[in-house]
Amino acid sequence: ISSSCRPVVRKKAALCLLRLYRKNPDVVNIDGWSDRMAQLLDERDLGVLTSVMSLFVSLVSNNAEAYWNCLPKCVRILERMARNQDIPQEYTYYGIPSPWLQ
């Protein structure tokens, strides 16, 4: 979660936690991760955000009620994608900003 880490470290950490969660869902405490996921969704780097969203989708698929506080942030992310705000060229695919996130 720390913003002092490099983006590549945060990206790899999110993907690592996703793999651990898929192997053993008990590894993530639902009560504690709801607020942390909300913090992670504030990420501006799209590589990290894509990894965090993969983790988020996996967590929500098992317990949607615990992550309702993250819904407004997800809407803001999708709005940012739809308006093509702050989307680097390398995350644009055939004129669509980050379609794998949308």
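Reader: How much area does the chain expose, and what share do carbon and sulfur atoms supply?
Author: The chain exposes about 6600 Å², 53% of it from carbon and sulfur atoms (Shrake-Rupley method, 1.4 Å probe; for residues, only the protein chains shown count as cover). This is a predicted model, where local features need pLDDT of at least 70, side-chain atom pairs count only at pLDDT 80 or more, and totals for chains, interfaces and linings use all residues. Residues are numbered from 1 along each chain as its sequence is written, and side-chain values use heavy atoms, without hydrogens or water.

Reader: How do you know that the length of H1 fits a helix?
Author: Helices are DSSP runs of H or I with at least four residues, numbered from the N terminus. The expected span is 1.5 Å times one less than the number of residues. For the 17 residues of H1 (7–23) that gives 24 Å, and the end C-alpha atoms are 25 Å apart, so the two agree.

Reader: Which residues of H1 are called buried?
Author: Arg10, Ala14, Leu17, Leu18 and Tyr21 are, since each has under 20% relative accessible area. Seen down the axis, they fall within an arc of 105 degrees, so they line one face of H1 (the arc uses directions from the axis to the C-beta atoms). On the other side, Lys12, Arg19, Arg22 and Lys23 are exposed, meaning over 50%.

Reader: What makes Arg36 sit over the ring of Trp33?
Author: A charge counts as over a ring if NZ of Lys or CZ of Arg is within 6 Å of the ring centre and within 35 degrees of the ring normal. Arg36 lies 5.4 Å from the ring centre, over the face of Trp33.

Methods. Helices (H or I, at least four residues) and strands (E, at least two) are DSSP runs, numbered from the N terminus. Buried means under 20% relative accessible area, exposed over 50%, partly exposed in between (1.4 Å probe, protein chains only).
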